[in-house]
Structure formats: C-alpha cells, structure tokens
Amino acid sequence: VHQYVALSTEARDYLLNVIEVPGARVNHICNGVDDKRFVPTDHVASGHTVIGCVGRLAEVKNHRLLAQAFALLHRRTDRPVRLHLIGEGACRSAVEKILSENGCAHDTWLPGDRDDVPQLMAGFDIFVLPSLAEGISNTILEAMACGLPVVAARVGGNPDLVEHGKTGFLLESDDIQQFADAIGIYVDDTALRRAHGTAGRLAVEQRFSIDAMTRS
C-alpha cells in the first residue's frame, strides 16, 4: 500500500497513532455529497415541526434514544411536532413500543425503506442522528445539503461534518435529555434552525460536495 485515504479525522488519527503509518502516506479526504440532487426546498408548511432521521433501524443508529427524546419533547412542548423515521431494521418494534407507550405514536411516521429520500428530506425541518458509532455519515451530508440543521452524536466522523453551534449540535450519544433539549431549541427558534441550515448548506458547497471530494 503506497497511500492511505482516511475519510474522517478519527480514522486518520488511528492510522497515524495506532497503526503508525508514516504521515506522508496518509491523506484525509471526506466523502462528497451530490449537492444537485439534495437541495434546500421551501416545503409547504404542515403546521408541525418535522424532526427526521434516515437510516437503517439498527442498534448502532440508536433510534431508541431518538424515540425517547422525542417522547420527552412531545410531553413538554406546546408546539406541534412530528417524528419521521425513514428506514427499516430489527429495532422497529422496540422503537414503535417506546412511541406507543409514551402516547406519541400518532405523531410519528415509520414508512420503512424508501427510494425518494431527497423528496422526504425536503419535508424535514430538523435532522437528527444519535448514532453510537459512525464513519462519515452520508445522511448527515445529505441533510446539510438540504439546508437542514443537524443534531448528532459526537462520535466517529460527525465532528468533521457538523460545526457545533453553527450548523447544528453535537451531543453525547447516551443523553436523552441533551437530545430533547437541542431538538427543542430548534422547534422553538425557526430563525436559528434556518441560519444553521443555511450554514450547513454553505459548508457542503465549499467542502463536502462531490466536486470538492474529487479535487482533493
């Protein structure tokens, strides 16, 4: 192997500090997203703030925590909110049970796997990904390209993508209260979520587009 390409800072540091690959043989090039397919859209207001997530319903994606955080927010906010979980997997029944037991299943939508993700993301107001582990998340990049603020766990390559307090919030992956609070900030502050979403879109155009990746 003559050259190693690390997708995230975490992977780069692992190669340098654990595997001890010489620095001259390691490059850090992030994934790119199709910023022509995933674009900001002024969707028709539904009266609800839509909190969305895209990804397989697997333990590592931590949808149980998202369901618990949504349930907590649903109980304490006076604003109408909905949760859209796009994807399928073994954790579906556990997530549905949490939502049902907390009386908020009627404000959630779990349509399974879909092939119209750009259109579905266009209907989100906030994107949330509380994963226990990530590399470079394509769905975070897609959400940013759609001009959505991102609430994500501070794991893997997520800090390479999300700038805390500017394009979203980075939180601990085991803290339900933190996620409920951060989502609630965006629910209450439309201007802030638009500002963070716009900054995320600009970051994609400047650093995370397919063109930027191929240039690197």
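Buried means under 20% relative accessible area, exposed means over 50%, and partly exposed is in between, with a 1.4 Å probe and protein chains only. Keep that handy for the exercises.

You're working with a predicted model, where local features need pLDDT of at least 70, side-chain atom pairs count only at pLDDT 80 or more, and totals for chains, interfaces and linings use all residues. Residues are numbered from 1 along each chain as its sequence is written, and side-chain values use heavy atoms, with hydrogens and water left out.

**Exercise 1.** Work out whether Glu134 is buried or exposed, then find its salt-bridge partner.

*Solution.*
- Step 1: Glu134 has 14% relative accessibility, so it counts as buried.
- Step 2: Its side chain meets that of Lys61 in a salt bridge, 2.7 Å from N to O. The term stands for a side-chain nitrogen of Lys or Arg within 4 Å of a carboxyl oxygen of Asp or Glu.
- Step 3: Check the partner: Lys61 has a relative accessible area of 13%, so Lys61 is buried.
- Step 4: Now look along the chain. Lys61 sits in the loop between β3 (49-54) and α2 (63-76), Glu134 in the loop between β6 (126-129) and α5 (138-145), and the two are 73 residues apart. Helices (H or I, at least four residues) and strands (E, at least two) are DSSP runs, numbered from the N terminus.

**Exercise 2.** Find out how far apart Arg92 and Glu96 are along helix α3, and how accessible each one is.

*Solution.*
- Step 1: The closest N and O atoms of this salt bridge are 2.9 Å apart.
- Step 2: Arg92 and Glu96 are 4 residues apart in helix α3 (residues 92-101), so about one helical turn separates them.
- Step 3: Arg92, at 18%, is buried, while Glu96, at 35%, is partly exposed.
- Step 4: Add Glu88, and you have a network of salt bridges linking Glu88, Arg92 and Glu96.

**Exercise 3.** Describe how α7 and α8 cross, and place Val187 in the picture.

*Solution.*
- Step 1: The axes of α7 (residues 176-188) and α8 (residues 190-208) come within 5 Å and cross at roughly 105 degrees. Axes are lines fitted to C-alpha atoms, for helices over the stretch in contact, with angles from 0 to 180 degrees between N-to-C directions.
- Step 2: That angle makes α7 roughly perpendicular to α8, a label covering 65 to 115 degrees.
- Step 3: Val187 is in helix α7 and, at 3% relative accessibility, counts as buried.
- Step 4: Beyond its neighbours within four places in sequence, Val187 is in contact (heavy atoms within 4.5 Å) with residues including Leu73, Val81 and Arg193.

Conventions
Parallel < 35°, antiparallel > 145°, perpendicular 65-115°, else oblique.
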